[in-house]
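Reader: I'd like a close look at one part of this protein, told in plain bench language. Could you walk me through it once the picture is up?

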Amino acid sequence: MGRVSTFTVAVATTALLMCLWVGVQAEDPYLFFEWNVSYGTISPLGVPQEGILINGQFPGPKINCTSNNNIVVNVFNNLDEPFLLTWYGIQHRKNSWQDGTPGTMCPIMPGTNYTYHFQVKDQIGSFYYFPTTGLHRASGGIGGLQIHSRNLIPVPFDAPADDYSVIIGDWYTKGHKALKKLLDSGRTLARPDGIQINGKSGKVGEQQPVLFTMEAGKTYRYRVCNVGLKTSLNLRIQGHTLKLVEMDGSHTVQNVYDSLDIHVGQCFSVLVTANQEPKDYYMVVSSRFTKHPLTAVGIVRYANGKGPASAELPPPPPETANGIAWSINQFRSFRWNLTASAARPNPQGSYHYGKINITRTIRLVNSRSYVNGNLRYAINGVSHKDESTPLKLAEYYGIHDKVFKYDIIKDEPEAEAEKKVALSPNVVNATFRNFVEIILENHEKTIQTWHLDGYSFFAVAIEPGRWSPEKRKNYNLVDAVSRHNIQVYPGSWAAIMTTLDNAGMWNMRSEMWERFYLGQQLYISVLSPARSLRDEYNLPDDTPLCGIVKDLPKPPPYSIHGT
Ligand SMILES: *[C@@H]1O[C@H](CO)[C@@H](O)[C@H](O)[C@H]1NC(C)=O
Ligand SMILES: *[C@@H]1O[C@H](CO)[C@@H](O)[C@H](O)[C@H]1NC(C)=O
Ligand SMILES: *[C@@H]1O[C@H](CO)[C@@H](O)[C@H](O)[C@H]1NC(C)=O
Ligand SMILES: *[C@@H]1O[C@H](CO)[C@@H](O)[C@H](O)[C@H]1NC(C)=O
Ligand SMILES: *[C@@H]1O[C@H](CO)[C@@H](O)[C@H](O)[C@H]1NC(C)=O
Ligand SMILES: *[C@@H]1O[C@H](CO)[C@@H](O)[C@H](O)[C@H]1NC(C)=O
């Protein structure tokens, strides 16, 4: 082990594997990985600390694949705590069994292994994986996952000279156990200690490793993901512009930016052309909307270039109130390229989301409060807590009423919901194939980001103030980017729309990890009334079972024709 094995097997072997695991496309290649998750020493901020490594690495190994590939990852948990990885932004069509959230899967116990099987069906773009258990994400277990377009599908830009994964985020030197202890004792995480770029944090003028190399005249793709716990970041490269080409799995209109705000949980692909004097340049990553600004730099070197990077850094965008207006403007400049292909040859814009009637509007208001003296975060007055039986398993076994109640929050929150907070599993019962509008309203003073598993959604608006139905006239119903994460500024709202056509149980959450951990999340249960394999796969045979379903007989499997 310790080595990543990636190989494509012949169709005959694939057919054999098909017998073991129903629900994959025989013609699509397989990529196999074996991952050893363990503790080890890392120093992202220059201070040695215990990190969570995958095959000895932080960031973890990159998964490089192509649309519709079948990915098989055998994860060995050599930590001292239960562990799960989620494949962030991967839609897992019909397959929330592999989503890796505590509401859908039993954790991989220490000293055991579990093999994830999933297909990157009809997706392209830049993603990553990370742990959803405890606060493991604060210590590592994170790496890039990129999906290339299939050979014959046109990509709306020339093939870059190289393709770099840039994992950035705020960072704490304390480690996940100490941070978890803080939250468990009712306190906050306080401020991060710094910012890391691919596990390093350079300072201007100091000796530091070269992060990326470019040859003069060539163009490179940088896939930048903010994997941090709570800090919005701004990215820029001295002397160079950033041409945005992809965001959270969609090809965008290719605008050129001096700098980009990347909020927690977002991934952007930019093209950078090495068209400057051949020498070193700093990539600069700085915090946004924080009282105590943090900055990290890393070297981008021209091959055969001469000379150090200049100590003069490109300025950050404005902070304070102007900063939010600047950032909202930048959000509004992001457009879906309607004529570009995504994973299929037809143009992205052939799906006219603006013409579909809304069947349900759900307004979610986030809040922060104290319950029995302990800090909790809530949505519409409910602070989610996980149960020892994953919600999806309880539902599948037909005994959900022993674990949770559906719809304990209302689609339209009551005014008092922000003050009276209840602790409970939070599951919304949704109707298969409904076209829903979700309003995310942030009455607090800190920025939020929201993510939905299993789907991408159209991010149609962000505005200051409170939402009301007449605000719909300001929605972008033509070329809003289809993505899976959206920021909501303080005292602002955002609107997203999606068709709930992926059966399963899907986590919707604040991607701000302290908020997630302390309850600002819910699950959307999308059940196909047909119980048919066309709509949802069966529980995989090797799924670990826990809680009250551990020793229960398996329910009758779904069939092709349903029940
Ligand atoms: C996994 O990593 C740990 C820590 O480096 C090591 O002790 C262990 O032998 C590794 N396990 C395997 C199966 O490679
Ligand atoms: C990643 O995958 C693409 C397409 O499958 C391939 O062209 C490229 O060489 C791969 N890169 C690496 C580093 O494996
Ligand atoms: C654990 O790893 C072994 C050895 O690779 C493999 O045969 C087995 O299927 C794995 N178990 C699970 C539950 O994935
Ligand atoms: C959109 O994609 C098309 C098709 O690949 C491409 O020709 C065009 O330049 C792109 N448009 C913009 C504005 O980026
Ligand atoms: C959408 O709603 C309008 C007004 O209620 C109705 O006239 C129209 O037929 C509906 N469109 C579809 C596609 O259902
Ligand atoms: C969930 O919603 C469906 C309609 O989509 C309905 O048939 C079902 O009874 C609801 N289930 C519960 C438990 O409320």
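Which strands each supply at least two residues of the shell around ligand 3?

Author: Happy to. First, the ground rules: this is a predicted model, where local features need pLDDT of at least 70 and side-chain atom pairs count only at pLDDT 80 or more, while totals for chains, interfaces and linings use all residues. Residues are numbered from 1 along each chain as its sequence is written, chains are lettered from A and ligands numbered from 1 in the order in which they are written, and side-chain values use heavy atoms, with hydrogens and water left out.

Now your strands: they are β4 (70-77) and β6, strands here being DSSP runs of E with at least two residues, numbered from the N terminus. β6 gives the most to the shell, with 3 residues. The full set around ligand 3 is E34, N74, F76, N113, Y114 and T115, where being around it takes a heavy atom within 4 Å.

Three of these side chains reach oxygen atoms of the ligand in polar contacts (pairs of N or O atoms within 3.5 Å; within protein, one must be able to donate a hydrogen and the other to accept it, and residues adjacent in sequence count only if both atoms are side-chain atoms). For N113 the distance is 2.3 Å, for T115 2.5 Å, and for N74 3.1 Å. On its own, ligand 3 exposes 360 Å², and the protein buries 49% of that (Shrake-Rupley areas, 1.4 Å probe).

β6 has another job on your list, too. Along with β5 (85-88) and β7 (125-131), β6 (113-119) supplies at least two residues to the side of domain 1 that touches domain 3. The domain bounds, from an automatic or database assignment, put domain 1 at 3-148 and domain 3 at 350-549. Their C-alpha centres sit 24 Å apart, and the contact (heavy atoms within 4.5 Å) takes 31 residues from domain 1 and 39 from domain 3.

Between them about 2900 Å² is buried, 59% of it from carbon and sulfur atoms; that is accessible area lost on putting the two parts together, with a 1.4 Å probe, summed over both. K94, W97 and C106 supply 27% of what domain 1 buries there, more than any other three residues. On the polar side, 13 residue pairs are in polar contact between the two domains. The interface also holds 2 salt bridges, each a side-chain nitrogen of Lys or Arg within 4 Å of a carboxyl oxygen of Asp or Glu.

Key:
Helices (H or I, at least four residues) and strands (E, at least two) are DSSP runs, numbered from the N terminus.
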